[in-house]
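Q: Could you take a close look at one part of this structure for me, the largest pocket, and walk me through what surrounds it?

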Amino acid sequence: MTNARELARLGNTDVITADSNFNVGIGSATPDAKLDVAGIISATSFYGSGANLSGIVAGSPLSAGSGAQRVVVTSLTTGTMTAAATDADLSWNSSTNTLSAPTLSGNITGTAATFSGDVSIAGTITYEDVTNVDSVGVITSRDGIRVGASQSISPVSGTLTYYGDGSNLDGVQSGVVNFVASGTIANGATVIIKDDGTVGIVTTTTSDTPSAGSEVVFESAEANIISAAYDSTNDKVVIAYQDDGNSKYGTAVVGTVSGDTISFGTPVVFNSAYIQDCDCVFVGSGKVVIGYRDNGNSSYGTAIVGTVSSTSITFGTAVVFNSASVEHISAGYDSTNGKVVIGYRDGGNSNYGTAIVGTVSGDTISFGTPVVFESAGTEYTKIVYDSANEKVVIAYQDQGNSNYGTAIVGTVSGTSISFGSPAVFESATTYWISATFDSTNGKVVIAYQDDGNSQYGTAIVGTVSGTSISFGTVVVFESGVKTDYISCAYDSTNDKVVIAYRAGGGYGGDYGTAIVGTVSGTDISFGTVVVFNSSGNTMHITSTYDPDQGKIVVAYRDVSNSGHGTAVVLSSTSQVTNLTTDNYIGIAGEAISNAATGKVNVVGGTNTGQSGLTTNRKYYVGQTGILTTTADTPSVVAGTSISDTKILVWKS
């Protein structure tokens with residue numbers, strides 16, 4: 001009795017024969033399966049055995065008039081098959097007794113012929129598009145082919161194709177399904193099914209919604225006046241802060257980023273007295289400079305050099321840069337001239353905005369002469385270095401001009417600095433100013449709280465030209481809630497500006513929040529916010545970029561956790577895949593054009609469109625659709641490799 005498994009294992013030397021009643025057998029086996037087909041039978045090798053088709057005797061090439069390429073079964077009675085043949089010419093190879101068919105074209109024409117006797121089809125015959133094997137062994141295709149316990153092949157509509165060269169032998173096995181493609185699908189590509197029943201490739205897109213890792217405590221006490229800098233020499237993050245748990249001493253700690261988390265060494269005191277207004281900047285060679293207000297020394301402006309080694313930091317001798325009270329300190333580094341620039345509000349000179357240039361040598365720093373950049377009271381000073389134009393930009397609140405947001409360009413020369421004219425970027429009271437430099441676009445981005453617009457979080461793009469700066473259009477990045485403790489950093493890997501801030505009363509509380517901005521020309525646009533601290537009040541936010549890891553590190557005081565100093569690692573962009581544990585169905589068994597129908601090797605099928613696989617390995621589907629031996633997120637099993645080019649499809 002012929003069965004589905006026997007059909008599946010036909011070799012190149014096997015034949016299928018039919019007796020005068022057109023019963024089917026394999027080789028010399030007694031035919032015992034009724035063949036009842038309405039449709040088109042096609043073969044690459046087809047010859048008669050005691051047969052007569054349109055007067056052609058057994059063993060001769062099939063032809064009818066000008067030739068025959070396909071046989072159309074129109075009726076079947078005992079001992080007789082009535083058929084019509086095409087008018088295309090065929091080529092007969094007498095040495096191999098095979099018939100080569102030309103490319104099919106045109107309609108089926110010709111005169112009906114009478115068939116009697118046995119027929120043999122050389123090579124192997126396979127069924128395409130088998131989609132199911134049920135519990136009683138019935139194979140069903142989309143065209144309605146069924147081979148069950150009685151081995152009858154039921155009538156089908158459409159085209160039923162048999163391949164004589166055995167190239168599609170796998171088609172009779174379970175695990176092959178035809179689907180309509182949505183988009184072009186390459187042979188061997190991983191495939192998902194969509195809600196509309198079409199299939200497509202596994203893809204990953206980049207989203208402008210940042211993602212946050214887990215929060216990590218770096219100081220198990222209240223931490224205030226927090227600042228951070230990235231040490232590119234040692235691939236470390238340095239966080240400086242006021243340690244309320246240790247008499248408000250100036251303290252620093254070294255952090256190491258790994259993936260989406262950060263770990264810390266032991267905190268080190270750099271000033272054994274109460275400090276305020278500290279800011280930290282990296283100056284190269286594994287060194288940072290921390291500028292701060294030393295309340296233990298008459299609130300003088302002071303700076304100190306720290307040297308990073310592994311997960312620790314050591315400090316040189318503190319140096320006073322302003323023998324008077326200072327506030328709103330900001331430090332920047334002019335990498336072209338190798339100079340530190342510190343800006344501040346000088347309490348000893350009518351609270352004027354002032355800047356001073358520092359030179360680092362070993363573990364100490366020396367300073368030039370202070371220079372006033374704003375002859376009025378200033379607050380919220382922020383310094384950023386424009387490496388494209390080799391200029392220092394200072395953004396600040398100008399108390400001499402209605403507290404407007406203002407910026408000025410400085411040029412370092414030796415141990416001094418000179419300034420151009422101030423330029424207003426916000427004609428309203430401006431608080432919580434922060435700035436960063438977009439090195440890809442050559443732009444300065446300033447983020448701030450716009451008190452003239454409901455204290456919304458706002459940003460603007462500045463362009464430096466000579467000693468001047470001009471601005472694009474103001475863009476609100478946070479509306480509906482008060483925005484403060486703003487800090488921004490530039491992610492040069494993804495060409496994004498990340499702004500971290502406290503959304504006052506927003507998203508359920510005074511939560512630590514971040515948003516990603518993209519600069520285009522003189523404008524900036526924003527994605528969707530992410531909350532990185534949702535437990536409660538987030539204060540004293542600072543941020544820095546780790547280019548080695550491609551991550552933003554945000555440090556802050558977590559009021560809901562006893563005010564502990566806390567840090568979190570942010571990814572400025574997130575990868576969004578269309579792959580889920582449910583929608584993966586298999587691997588394309590052939591290239592499929594958009595909107596065309598093609599084969600997909602589903603569970604139980606074997607895909608042969610691979611290369612470079614390691615035999616006997618479990619493979620997973622990656623977020624981008626690649627096959628990998630390491631589970632991705634989500635974890636989706638693709639199957640088991642059975643050679644370097646074949647994978648048996650299954651899923652857990």
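A: Happy to! Let's start at the middle of the pocket: Ala-228, Asp-279, Lys-382, Ala-435 and Ser-543 are the residues nearest its centre, out of 48 that line the largest pocket. Several strands contribute to that wall, and those giving two or more residues each are β20 (216–231), β24 (268–284), β28 (319–334), β32 (371–386), β36 (423–438), β41 (482–491) and β46 (538–546). Please keep in mind that this is a predicted model.

As for the space inside, the largest pocket holds about 1600 Å³. Sorted by class, its lining consists of 28 nonpolar, 17 polar and three charged residues.

It may help to set the pocket against the chain as a whole. The secondary structure comes to 56 strands and one helix. Of the 652 residues in the chain, 51% are buried. The accessible surface is about 25400 Å², and carbon and sulfur atoms account for 45% of that area. Looking at contacts between residues at least 6 apart in sequence, 52% join residues at least 24 apart.

For one residue in detail, take Ile-587, which sits in strand β50 (residues 584–588). Ile-587 has a relative accessible area of 0%, so it counts as buried. Beyond its neighbours within four places in sequence, Ile-587 is in contact with residues including Gly-188, Ala-189, Thr-190 and Val-191, and also with Val-600, Asn-601, Leu-627, Ile-647 and Val-649. Ile-587 and Gly-609, which are 22 residues apart in sequence, have their C-alpha atoms 8.6 Å apart.

Conventions. Residues numbered from 1 in each chain as written. Predicted model: local features only at pLDDT ≥ 70, side-chain atom pairs only at ≥ 80, totals over all residues. Heavy atoms only, no water. 1 Å grid on protein atoms, 1.4 Å probe; cavity = no way out; pocket = protein on both sides within 12 Å on 5 of 7 lines; lining within 4 Å. Points joined across faces, edges and corners; volume = space filled by probe spheres on them. Helix = DSSP H or I, 4+ residues; strand = E, 2+ residues; numbered from the N terminus. Nonpolar A, V, L, I, M, F, W, Y, C, P; charged D, E, K, R; others polar. Buried < 20%, exposed > 50% of the residue type's maximum accessible area, 1.4 Å probe, protein only. Contact = heavy atoms within 4.5 Å. Areas by Shrake-Rupley, 256 points an atom, 1.4 Å probe, with all protein chains shown as cover.
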